[in-house]
Number of protein chains: 2
Amino acid sequence: MENAKERLAQAVKEAEEIVYSYLPAEEGHQKTIFEAMNYSVKAGGKRLRPILMREVYRLFGGQGKEIEPLMAAIEMIHTSSLIHDDLPCMDNDEYRRGKKTTWVAYGYDMAVLAGDALLIYAIETAAKAFAMTPDAAKVGRCIQILSEKTGIYGMIGGQTVDVELTNQPIPKDKLDFIYRLKTGALLEASMVIGAVMAGASKAECGTVERMAAAIGLAFQIQDDILDVTSSQEVLGKPVLSDEKNNKTTYVTLEGIEKSKHDVKQLSETAVDILYSLPGKNEFLEELIEMLVSREK
Amino acid sequence: MENAKERLAQAVKEAEEIVYSYLPAEEGHQKTIFEAMNYSVKAGGKRLRPILMREVYRLFGGQGKEIEPLMAAIEMIHTSSLIHDDLPCMDNDEYRRGKKTTWVAYGYDMAVLAGDALLIYAIETAAKAFAMTPDAAKVGRCIQILSEKTGIYGMIGGQTVDVELTNQPIPKDKLDFIYRLKTGALLEASMVIGAVMAGASKAECGTVERMAAAIGLAFQIQDDILDVTSSQEVLGKPVLSDEKNNKTTYVTLEGIEKSKHDVKQLSETAVDILYSLPGKNEFLEELIEMLVSREK
């Protein structure tokens, strides 16, 4: 496991180098928005989405640089959603990962624009892959997946239901819907795009999508668990925030033991699916294991 | 001219039918966001961007339906920017086109999400063109143009500079920059995408981009003129808002006469460029003329 943690640290470093290389230079009339974007992307994070994308790409034999703009794109979209989530009209959070949130650092208006900017700059960045492969249809398919999984039938769709049910008890079916879309959809996009770019078959992409869905749900439940069992020092953000905000979570609905059990089971399901695929990627297995035991 | 107005009314009707056909059905857990999106898109507007896109497409001999998802996409992006522009942290506008703005009708949080949703749903919609033509590279190029002209080096870039200079005198070079990006970029995208989809050459696309830039600037200056010379009844929004907000405009910098003169000259430039292109599209000429004489 020590070895796996080192490999993860290395993967995070590499993912950050790739993502940062696609960020705008902080110059010109729009300097402030460039700074706000870069501040937000560089504020840290697990970089799970670009890492998973690349590892699935490698699982199916992908070796080129063509995956890199898509890695950057998915992290930009994730960051965009965090910026808008933190706004006063949404979660009203002043700190994230121990740093001031974008609206606190750059103002409310600039944070709205920085979120918009990262969302569409992600597509602009993804489209750079067209110049890196002769297979335009493949890149087109990835942009289609990226926008679908980000949009109203994906992440944003989940967010809207979540926002609408703030301060209300959420029934299990709606919570499942929110988790599947709000966290799951973007993880699915990450992994399926890795597969598509490596030339995986349609059936294989479907299998990857199921694996990603299991990982996404495990990841979200683990988030709920940590909000109850962790500390601000470890997590880098206030704990017990769900309780404070009267939020229904997997833990409040199912209890902490069942939640822990389900995380474990979901990660086993994901690993089983991984084994059913033709390639082999030990680090990807380790990654899935680490998602269960993660403490932040 | 009467005839031209009728043709325009017909073009608006057709553009709206096309755009509306790509809007989400108002059903499911995310019903509210679908309603907010549709409310915003259906709140009216000149539909200038999709109309110009189609007329340029026709100018270069385009006849297929493949242009339609891109027409819908550009109108969604335009609407997305209006929703966020109207937010309390931005222009704080309660009415647009005589109707409540999205944040007034659906709440601050839902308006942020509706803007995000339309921005990325525009890409999802544009990507539907991949299934309508065998030429994936062509559609890829259009998505690239769409995201570039929308993003930080386009519309959103212009908006950020505009927002940052609120309540400050704006020097001419920055105002030019704002106008070129904030209004110009999306009109350029509309017209260049029309050309690309119809198979125009790179040189022709460059010429179309210059024509669109002239039209975009004329359009923006005309906006400034109408804010001084029109009435709320005609315009459907409060007039003298620039003065109220201490906004530097083309009119405050150059005076009303020079502004009117420049609109006329820019539209003549645009028509001259249009004549230099191989095809012929009388309605496109009329459209450009109408931009000068428009009263709202």
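## A pair within one helix

A:Lys172 has a relative accessibility of 32%, and it therefore counts as partly exposed, a category that lies between the cut-offs of 20% for buried and 50% for exposed. The structure in which this residue sits is a predicted model. The partner of A:Lys172 is A:Asp176, with which it forms a salt bridge whose closest N and O atoms are 3.1 Å apart.

Both residues belong to helix 9 of chain A, and because they stand four residues apart there, about one helical turn separates them. A:Asp176 is likewise partly exposed, since its relative accessibility is 32%. As a general point, side chains of opposite charge can pair when their charged atoms come close.

## Salt bridges between separate parts

Over all chains, the count comes to 40 salt bridges. One of them joins A:Lys149 to A:Glu188, with 2.8 Å between the closest N and O atoms. A:Lys149 lies in helix 7 (residues 136-150) of chain A, whereas A:Glu188 lies in helix 9 of chain A, so this pair ties together parts that are 39 residues apart in sequence. Both A:Lys149 and A:Glu188 are buried.

In chain B, a salt bridge of 2.8 Å, taken from N to O, brings together the side chains of B:Asp86 and B:Arg96. B:Asp86 is in the loop between helix 4 and strand 1 (95-96) of chain B, while B:Arg96 is in strand 1 itself, so that distant parts of the chain, 10 residues apart, are linked by the pair. The two partners are not equally accessible: B:Asp86 is at 4% and therefore counts as buried, whereas B:Arg96, at 22%, counts as partly exposed. Salt bridges can also share partners, and in this way A:Arg7, A:Glu282 and A:Glu286 are joined into one network.

## A buried histidine

B:His78 has its place in helix 4 (residues 68-85) of chain B, and with a relative accessible area of 11% it is buried, because that value is under the 20% cut-off. When residues up to four places away in sequence are left out, B:His78 touches B:Arg49, B:Arg97 and B:Leu186. With B:Arg49 there is also a polar contact of 3.4 Å, which joins the two side chains.

## Two residues with positive phi

Most residues other than glycine have a negative phi. A:Arg47 is not a glycine, and yet its phi is positive, at about 55°; A:Asn167, which is not a glycine either, has a positive phi of about 65°.

Each of these residues is found in a loop. A:Arg47 is in the loop between helix 2 (31-41) and helix 3 (48-59) of chain A, and A:Asn167 is in the loop between helix 8 (155-164) and helix 9 (172-197) of chain A. Their surroundings can be contrasted, since A:Arg47 is buried, with a relative accessible area of 2%, while A:Asn167 is exposed, with a relative accessible area of 55%.

## Helix 14 of chain B

Helix 14 of chain B covers residues 256-276, which makes 21 residues, and from its first C-alpha to its last it reaches 31 Å, close to the 30 Å expected at 1.5 Å a residue. Its buried residues include B:Val263, B:Leu266, B:Ile273 and B:Leu274, and also the polar or charged B:Ser259, B:Asp262 and B:Ser267. The buried residues of this helix pack against helix 3 (48-59), helix 10 (202-229), helix 13 (250-254) and helix 15 (282-293) of chain B.

## Where the chains meet

Between chain B and chain A, 47 residues of chain B are in contact with 47 residues of chain A. The area buried between them is about 4,400 Å², and carbon and sulfur atoms give 74% of this area. B:His29, B:Ile120 and B:Ile152 together supply 16% of the area that chain B buries against chain A, which is more than any other three residues supply.

The count of salt bridges between chain B and chain A is zero, although seven residue pairs are in polar contact, both residues being at pLDDT 80 or more. On the side of chain B that touches chain A, at least two residues each come from helix 2 (31-41), helix 6 (108-126), helix 7 (136-150), helix 8 (155-164) and helix 9 (172-197) of chain B. Helix 6 of chain B gives the most to this side, with 12 residues. By residue type, the side of chain B that touches chain A divides into 28 nonpolar, 12 polar and seven charged residues.

How values were computed
Residues are numbered from 1 along each chain as its sequence is written. Chains are lettered from A and ligands numbered from 1 in the order in which they are written. This is a predicted model: local features need pLDDT of at least 70, side-chain atom pairs count only at pLDDT 80 or more; totals for chains, interfaces and linings use all residues. Side-chain values use heavy atoms; hydrogens and water are left out. Contact means heavy atoms within 4.5 Å. Buried area is the accessible area (1.4 Å probe) that two parts lose on being put together, summed over both. A salt bridge is a side-chain nitrogen of Lys or Arg within 4 Å of a carboxyl oxygen of Asp or Glu. A polar contact is a pair of N or O atoms within 3.5 Å; within protein, one must be able to donate a hydrogen and the other to accept it, and residues adjacent in sequence count only if both atoms are side-chain atoms. The expected span of a helix is 1.5 Å times one less than its number of residues. Buried means under 20% relative accessible area, exposed over 50%, partly exposed in between (1.4 Å probe, protein chains only).
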